[in-house]
Amino acid sequence: MSDHHDPRKAHTVGETPLELAAKLLEGLDTIIDSDATVEKWLHEDVVPVAIAMQTNPQQAIPAEAVFAKIRALHAERLKSYCGDGIVE
C-alpha cells in the first residue's frame, strides 16, 4: 500500500490552516524525495549504460533476443500457475 494520501480525502472538517499547511509540506517533501530518487537512478544507472551502449554498441542484446527470453520466462511462469501454460 502506498504512503501517499488521497488528495480528495486530504481535508477534514475542522482542520486548521496550520494543519493543512503541514499536510501540504509533507506532500511536497514526498515529491522532492521521489524526484531525488529518480534523479539518482538516472545518474547512477541509466547514464552509464547509455554511454556504454554509445561507446560499444556491439555489446547490446538485440531486442528480439530480449523479447524471446521474456516470452520464455512468461510461459514458464504460466506453467507453474496453470499447469499447461494455457489460460482460458
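The exercises below, each with a worked solution, concern a predicted model.

**Exercise 1. The overall make-up**

Work out how many helices and strands the chain has, and what share of its residues count as buried.

Solution. Begin with the secondary structure, where the chain shows two helices and zero strands. Turn next to burial: the chain has 88 residues, and 1% of them count as buried. Finally, consider the surface, since the accessible area of the chain comes to about 8,100 Å², with 64% of that area belonging to carbon and sulfur atoms.

**Exercise 2. The course of helix H1**

Compare the span of helix H1 with the expected span, and find the residue on which its kink is centred.

Solution. Helix H1 takes in residues 17–55, which gives it 39 residues. From the first C-alpha to the last, H1 reaches 55 Å, and this is close to the 57 Å expected at 1.5 Å a residue. The helix nevertheless contains a kink of about 35 degrees, and the centre of that kink is Leu42.

**Exercise 3. Glu15 and its partner**

Decide whether Glu15 is buried or exposed, and describe how its side chain meets that of Lys23.

Solution. First place the residue: Glu15 is found in the segment before H1. Its relative accessibility is 17%, and because buried means under 20%, Glu15 counts as buried. The side chains of Glu15 and Lys23 are joined by a polar contact of 2.7 Å, and they also meet in a salt bridge, with 2.7 Å from N to O. Lys23, for its part, has a relative accessible area of 37% and is partly exposed.

**Exercise 4. The other salt bridge**

Find how many salt bridges the whole structure holds, and then examine the one between Glu76 and Lys79.

Solution. A search of the whole structure gives two salt bridges. In the one formed by Glu76 with Lys79, the closest N and O atoms are 3.7 Å apart. Both residues belong to helix H2 (residues 63–82), and because they are three residues apart there, about one helical turn separates them. As for accessibility, Glu76 is partly exposed, with a relative accessible area of 48%, and Lys79 likewise counts as partly exposed, at 42%.

**Exercise 5. A nonpolar patch**

Name the residues that make the nonpolar surface patch of about 490 Å², and classify Ile32 as buried or exposed.

Solution. The patch, of about 490 Å², is made by Leu24, Leu25, Leu28, Ile31 and Ile32. Of these residues, take Ile32, whose place is in helix H1. Its relative accessibility is 54%, and since exposed means over 50%, Ile32 counts as exposed.

Definitions and conventions: Residues numbered from 1 in each chain as written. Predicted model: local features only at pLDDT ≥ 70, side-chain atom pairs only at ≥ 80, totals over all residues. Heavy atoms only, no water. Helix = DSSP H or I, 4+ residues; strand = E, 2+ residues; numbered from the N terminus. Expected span 1.5 Å × (residues − 1). Bend = angle between axes of the 7 residues up to and from the residue. Buried < 20%, exposed > 50% of the residue type's maximum accessible area, 1.4 Å probe, protein only. Areas by Shrake-Rupley, 256 points an atom, 1.4 Å probe, with all protein chains shown as cover. Polar contact = N/O pair within 3.5 Å; in protein donor to acceptor, adjacent residues only side chain to side chain. Patch = residues over 30% accessible without salt bridge, like charges linked within 9 Å, V, L, I, M, F, W, Y side chains within 5 Å. Salt bridge = Lys/Arg side-chain N within 4 Å of Asp/Glu carboxyl O.
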